[in-house]
Amino acid sequence: MLRIGARLALVAVLAAVLVPLDQPESWTTPVTLSETLDGLPVADAGRAGDAVHTAGAPDADDAAQPAAPAISTLVEAPIAFSVVGFTAPAHAGELAVRTSMDGENWTDWEPAAYLDVEDGPDPGSEESRSSAAGRHTEPVWVGEARHLQLQVADASPEDVEVTLIDSMHLNDGPVERHTEPAVGSPADAEDLQIISRAQWGADESLSRSTRAASEVHMGIVHHTAHSSSASVANGYSRDEAPGVVRAMYRYHTETLGWADIGYNVIIDRYGRIYEGRKGGFTEGIIGAHAAGNNTGSFGVSVIGNFIDQQAPAAAIESLTEVIAIKSAIHGIDPEGFTDQVGDGTWRPTIVGHRDVGQTSCPGRIQDLLPQIREDARETAVRFPDVDATSPHRGSVLALADAGVTEGCELNLYCPSETLTRAQAASFMLRSFELDPIPGTHFPDVPAEGVHAAAINKLAELEWLKGYPDGTFRPYQQLTRGQLATLLARSLDTSDEVADADSGSDDDSNTRSLADLIAEMDAALEEPDPEPDPYPDVPSTSTHYDGIMALAAEGVRGDCDGQGNFCPNDPVKRDSTATFVYEVRKVHGLD
């Protein structure tokens, strides 16, 4: 990924868990019904005038005009339906449909657009090999209908397979009853509400297993375009929106043969966000939204057709929020570029479907992408790899706000990684606002090294010391005991702390016999002290004084939930943040 300019200056916000949209503890969703018709009867020739296109009488000097499209009879469907889709022969031309609920009052003819070749699973994938053969149209949202009529150019309606879907309980069919709150598969994110698959009524028996990519580098924006008429495509009500998602899911799995719904995230015109393809919001689940570009990308689609009108502000706001959070989760710079998706072409990390294929998708939303990228970059969640429930998250964010840490890479903190002695030096330099000293103090720390100036400063202060052979060993992992001694030295609490050898973790090192006798004599004359707070830190430990000095200041660290300190364990980045944050407070820096 190409990173342009400085690292993201991301706005820190309070951590929260990504949760399903509020719901009652008991609710129902309609079971989606579907029927397939193997073609429709052809109407009498006299009815051809009802078609959208009719053959005109060619002038003598003109080339022959194309034949009028064939038209079916008026058909009463076996079920009432909210969506209709078609599978036509390869040679078929333009196709259109009109519908009626009562058989008397009919809609206008509605073109049924064919799926773009760029829709669907990646070529060569198992999902692609399992996809249904044929030339499929987009599913057409009709709301409520019981009758239909079809016309098709260059083919017969008898050769067109019709898929009817009822996702709105139009047939008084069964409902699925839920008695427990739907948790859904999305995981930690930043104050984002999602309508889970259970909430919008996904029939999990229709889906197959999904795959995840190890890395995600791009977000691809779509509109569903389930009608060429904006008034139809964008006219669904708030109550109908989940039905549109259910119908799309049924069409993608049953008719097209995909493993699941194609998009990772779906947004309706009211700004509500739906969990799409199963596998988890924070995972790199491979979708079926942009053939050849699914692996390494996430797909988010706004329900509607926005070729001739712009998507509502509520939908754009949610789209921006989803892109911000998904970008943060996957370490994507929303204003950056990448060549890691598709054919290796350098493209923006957030693109419209038309940027990776020959399609008009996502309509006018494309015009808003520059602003969406900018807004997403400014509002992205910081350090999504630090779990919202982590006891260290507050300290990590506080240090980031103070400019102490930028994380391990773009917007990631790597909480479980360990620190080297050299990295610890730079961390302390920034934490306690110290001035670096150029040059080198140790033979194994070159002057041009990234951490050399920080090591020099801490060596001058005697916070970090070298080994008896004069080396510093910058790449050696820092232990929890060494960190305690280092931080205690910053407080300058005692001579014992100042003299402790932070370069050694051998707990066999002991004080002199005279020191031990003196301590025993002093103990006989004083009341029994409070027991040491850590059972695994004996008084003979090299870092005992540093650990106890921090404990005396209220800076504690339980490593295993059982009251131990684990002084010889490598210290992790997240616990380091908490130790440092607490000591900064003692210094009055927070």
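This is a guided tour of one predicted model, going from the whole chain to single residues.

Because the model is predicted, local features are given only where pLDDT is at least 70 and side-chain atom pairs only at pLDDT 80 or more, while totals for chains, interfaces and linings use all residues. Residues are numbered from 1 along each chain as its sequence is written, and side-chain values use heavy atoms, with hydrogens and water left out.

**The whole chain**

Begin with the entire chain in a cartoon view, where 14 helices and 19 strands can be found; these are DSSP runs numbered from the N terminus, with helices being H or I of at least four residues and strands being E of at least two. Of the 590 residues, 52% count as buried, a word that stands here for under 20% relative accessible area, with exposed meaning over 50% and partly exposed lying in between (1.4 Å probe, protein chains only). The accessible surface of the chain comes to about 26000 Å², and 48% of that surface belongs to carbon and sulfur atoms; such areas come from the Shrake-Rupley method with a 1.4 Å probe, and for residues only the protein chains shown count as cover. Among the contacts in the chain with a separation of 6 or more, 78% are made by residues 24 or more positions apart, where contact means heavy atoms within 4.5 Å.

**Strands around β5 and β10**

Next, select residues 161-166, which form strand β10, a mostly covered strand with five of its six residues buried. Two strands are said to pair if DSSP finds at least two bridges between them, and β10 pairs in the antiparallel sense with strand β3 (residues 33-38) over six bridges. Within β3, pick Leu33, which stands opposite Asp166 in β10.

Then add residues 75-88, strand β5, which pairs with β10 in the antiparallel sense over five bridges. β5 is mostly covered as well, since twelve of its 14 residues are buried. Which residue in β10 is the bridge partner of Val83? The partner of Val83 there is Ile165, and Val84 stands opposite Leu164 in β10.

Val84 also has a bridge partner in β9, namely Val140, and strand β9 (residues 140-152) pairs with β5 in the antiparallel sense over five bridges. Select residues 135-136 as well, for this is strand β8, which is antiparallel to β5 and joined to it by two bridges; Thr87 stands opposite His136 in β8.

**Ala155 and His353**

From β9, move to the loop between β9 and β10 and select Ala155, which counts as buried because its relative accessibility is 15%. Ala155 and Ala88 are 67 residues apart in sequence, yet their C-alpha atoms are 8.3 Å apart in space. Leaving aside neighbours within four places in sequence, Ala155 is in contact with Ala70, Pro89, His91 and Ala92.

Now go to His353, in the loop between β19 (350-352) and α6 (365-379). Is His353 buried or exposed? His353 is buried, with a relative accessible area of 1%, and its contacts beyond four places in sequence include Glu118, Asp119, His222, His289 and Cys361.

**Aromatic rings and charges**

A pair of aromatic rings is described by the distance of the centres and the angle of the planes. Rings of Phe, Tyr and Trp (its six-membered ring) pair if their centres lie within 6.5 Å, with planes under 30 degrees apart counted as stacked, over 60 as edge-to-face and the rest as tilted. By this rule the count is seven aromatic pairs. One of them is the edge-to-face pair of Phe432 and Trp463, at 5.9 Å centre to centre and with 85° between the planes. This pair links distant parts of the chain, 31 residues apart, with Phe432 in the loop between α8 (421-431) and α9 (452-461) and Trp463 in the loop between α9 and α10. Both Phe432 and Trp463 are buried. Elsewhere, select Tyr534, Phe565 and Phe579 together to see one aromatic cluster.

A charge sits over a ring if NZ of Lys or CZ of Arg is within 6 Å of the ring centre and within 35 degrees of the ring normal. To see this, select Arg98, whose charged end sits over the ring of Trp106 at 5.1 Å from its centre, and then Lys326, which lies over the face of Phe281 at 5.2 Å from the ring centre.

**Helix α10**

Finish with residues 480-491, helix α10, whose twelve residues should span 16 Å at 1.5 Å a residue, in agreement with the 17 Å between its end C-alpha atoms; the expected span is 1.5 Å times one less than the number of residues. Twelve of the twelve residues of α10 are buried, so the helix is largely enclosed by the rest of the structure. After α10 comes Asp492, whose phi is positive, near 50°.
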